[in-house]
Amino acid sequence: MTAELTESAEGGRRPAGPAGRPLPLWLAVPAAVGAGLVLLLAFPPYGVWWLAPAGVALLSAAVHRRRLRAGFGLGALAGLALFLPMLSWTNLYTGNVPWLLLSGLQAAYLGLLGLTLAFTGPLVDRFRWSWPLVTGVAWVAQEALRDRTPFGGFPWGRLAFSQGDSPLLRLAGYGGAPLVTFAVALAGGLLVAAVWRPWRVLPSAGRGVGFAAGAVALVAGGLLVPLAGTGPQTAEVAIVQGNVPRMGLDFNAQRRAVLDNHVEATIELGRRVAAGEARRPDLVVWPENSSDVDPTRDARAGRRISEAADAVGAPILVGAVLLGPDEGQVRNAGLVWLPGSGRDGSQMYVKRHPVPFAEYVPLRDVARLVSKEVDRVRNDFVAGTEPGVLRVGGVTLGDVICFEVAYDEVVRDTVTGGAQVLVVQTNNATFDVAEAEQQLAMVRLRAVEHGREALMASTVGVSGFVGADGRVTGATGFNTAAVVTRQMHLGETRTVATRVGLWPEVALLAVAAAALAGAALTRRRPLPGVGTATAGDPADAEER
């Protein structure tokens with residue numbers, strides 16, 4: 001079907017009418033902003049997961065057939081609409097500058113995504129069937145880059161983390177977060193391919209309906225994907241959420257009160273066990289920062305934790321801040337405290353991925369020029385080197401601390417090391433309930449990805465248990481004290497995702513590289529009979 005041609009301002013030719021032009025700017029800008037806002041609603045605390053493909057489609061439509069600079073700008077606009085509200089919890093106690101800088105940095109990656117989608121426009125115009133595939137792998141590539149750069153990356157806002165209640169979550173067991181992201185973006189690509197062109201004849205209209213039906217079938221088809229089963233053995237596990245005297249960056253100024261809160265809540269659990277009102281747990285989990293007083297050096301802190309372990313008659317996994325190993329350094333650690341004997345020195349996990357500008361400050365002198373809040377981080381946290389595989393109370397734990405749950409390999413290493421259940425120790429006292437729920441969504445994906453039941457233990461909430469199917473039970477309230485106990489099934493087998501590791505992401509990135517190469521060739525070779533397309537506004541003379 002050959003389109004009528006018109007001269008472009010730069011001497012080239014392109015099809016006249018809607019088939020050959022990008023969306024008018026007065027539509028493209030709202031579409032880009034709408035894409036970010038629609039994506040935002042897919043994530044907790046809103047959780048309208050099925051909006052994620054629609055957000056992908058809106059961004060694709062906004063940047064299609066645009067010049068590369070316009071593609072970047074529209075993508076960045078979508079990123080700001082997404083990340084400014086999503087990351088607003090970062091400015092609760094540190095001011096606006098860190099929040100704006102982090103949000104702007106994350107938005108720049110969506111700008112690169114918009115540029116990429118604009119660059120591949122000639123390819124998907126020539127081969128309309130490729131649009132969903134190119135969209136899917138472009139999103140995976142964007143997240144792969146954002147998850148790793150700079151300073152180890154910041155994976156917040158991955159499409160996969162919006163799918164906690166979606167059938168597509170089941171794909172995590174076969175390709176992890178990258179495969180789930182790919183499926184969501186693929187569905188969005190199908191939607192934009194379905195609606196982009198004003199289908200003029202019945203066969204073409206049928207193709208549009210086919211693309212839309214394909215998106216629905218893709219999502220619904222996730223229900224047919226089998227989940228990994230859990231083993232027959234169980235362990236009784238208790239989460240203690242002790243709460244803090246007050247929220248904010250100075251929560252640790254009350255560090256002994258925070259420790260006492262967790263001690264007293266555990267002693268009370270011990271009283272209930274002794275009275276026959278509760279089952280004795282095989283393991284008690286305290287959150288990150290539950291003992292900011294180093295219990296290996298402070299005798300009183302050590303005695304208090306021993307009181308709690310003796311009272312409940314079970315080992316405690318304690319989230320502690322340890323001094324050293326050198327002067328001016330500290331470590332964020334998970335320690336094992338045994339009833340009767342105290343600390344088990346052979347079982348300890350040190351956080352491997354400290355958070356830049358929160359737990360350590362790279363380029364401190366430069367960072368201080370941006371915000372003096374960096375000086376709140378007086379001592380840099382030292383990264384651990386070993387995966388968080390701990391053997392406690394007959395259970396092998398896969399322990400990760402706080403934001404580490406967002407990083408694929410940090411979690412996977414614990415399972416390949418033998419973890420039977422996943423434990424996420426976190427402290428949300430400097431954030432809000434939205435951040436806590438976003439983090440819990442990551443735990444849900446990890447549970448399905450590795451076929452392991454999981455838990456998240458927070459100082460202030462939200463704490464809870466997650467089944468190997470991603471369902472949450474025993475979720476606590478926010479900014480409150482609570483103790484919840486569940487029987488957890490111990491995982492035995494490894495999922496496909498656990499076994500193959502990075503390879504699904506590598507394969508998708510290879511397809512993305514091939515798409516970029518194909519787009520580069522297509523931009524050099526205009527479609528027959530069309531002439532030279534303008535940069536970023538490729539011709540589309542024939543639907544194939």
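## From a loop at P325 to the nonpolar cores

P325 sits in the loop that links β5 (316-323) to β6 (329-338). This is a predicted model. The peptide bond leading from G324 into P325 is cis, and its omega is near 15 degrees. G324 also belongs to the turn of a hairpin: β5 and β6 are separated by five residues, and G324 there has a positive phi of about 90 degrees.

The two strands flanking this loop run antiparallel and are joined by eight bridges. One pairing to look for is I316 with W337, its bridge partner in β6.

β6 has further partners. On β7 (residues 342-350), the pairing with β6 is antiparallel and covers five bridges. L338 has G342 of β7 as its bridge partner. β6 and β7 also make a hairpin, with three residues in between. In that turn, G340 has a positive phi of about 90 degrees. β8 (residues 380-381) pairs with β6 in the parallel sense, through two bridges. Here V330 has F381 as its bridge partner. β6 itself is mostly covered, with eight of its ten residues buried.

A second cis peptide bond lies further along the chain. It joins G461 to V462, with omega about 5 degrees. V462 is in the loop between β12 (454-458) and β13 (464-466). In general, most peptide bonds are trans, and most residues other than glycine have a negative phi.

Now turn to backbone angles at residues other than glycine. F151 has a positive phi, near 55 degrees. It is located in the loop between α6 and α7. Is F151 buried or partly exposed? F151 counts as partly exposed because its relative accessible area is 38%, a value between the 20% and 50% cut-offs.

N243 also has a positive phi, near 70 degrees. The loop holding N243 runs between β3 (234-241) and α9 (255-274). N243 is buried, because its relative accessible area is 12% and the cut-off for buried is under 20%.

R65 belongs in this part of the tour too. It comes just after α2 and takes a positive phi of about 65 degrees.

That leads to α2 itself, which spans residues 51-63. This helix has 13 residues and reaches 19 Å from first C-alpha to last, close to the 18 Å expected at 1.5 Å a residue. How much of α2 is covered? Eleven of its 13 residues are buried, so the helix is mostly covered by the under 20% criterion. Among the buried ones are L51, P53, G55, V56, L59, S60 and V63. What do these buried residues pack against? The buried residues of α2 pack against five helices: α1 (25-42), α3 (68-86), α4 (96-119), α6 (131-146) and α7.

Helix α7 matters for the next stop, the nonpolar interior. The largest nonpolar core has 104 residues. W139, L397 and L455 have the most contacts inside this core. Its largest share, eleven residues, comes from α7 (residues 172-195). In soluble globular proteins, nonpolar side chains tend to be buried together.

L397 gives a close view of that core. Leaving aside residues up to four places away in sequence, L397 touches L283, L317, G388, V389, L390, V392, A419, V421 and V423. Apart from the largest core lies another, of 26 residues. W286, I305, A309 and V312 are among its members.

The last stop is T522, in helix α15 (residues 503-524). T522 is buried because its relative accessible area, 12%, falls under the 20% cut-off. Which residues does T522 touch, not counting those up to four places away in sequence? They are P122, L123 and R126. Within its own helix, T522 has a polar contact as well. A polar atom of the T522 side chain lies 2.7 Å from the backbone oxygen of G518.

Key: Residues numbered from 1 in each chain as written. Predicted model: local features only at pLDDT ≥ 70, side-chain atom pairs only at ≥ 80, totals over all residues. Heavy atoms only, no water. Core = buried A, V, L, I, M, F, W, Y, C linked by side-chain atoms within 4.5 Å. Buried < 20%, exposed > 50% of the residue type's maximum accessible area, 1.4 Å probe, protein only. Helix = DSSP H or I, 4+ residues; strand = E, 2+ residues; numbered from the N terminus. Contact = heavy atoms within 4.5 Å. Polar contact = N/O pair within 3.5 Å; in protein donor to acceptor, adjacent residues only side chain to side chain. Expected span 1.5 Å × (residues − 1). Pairing = 2+ DSSP bridges.
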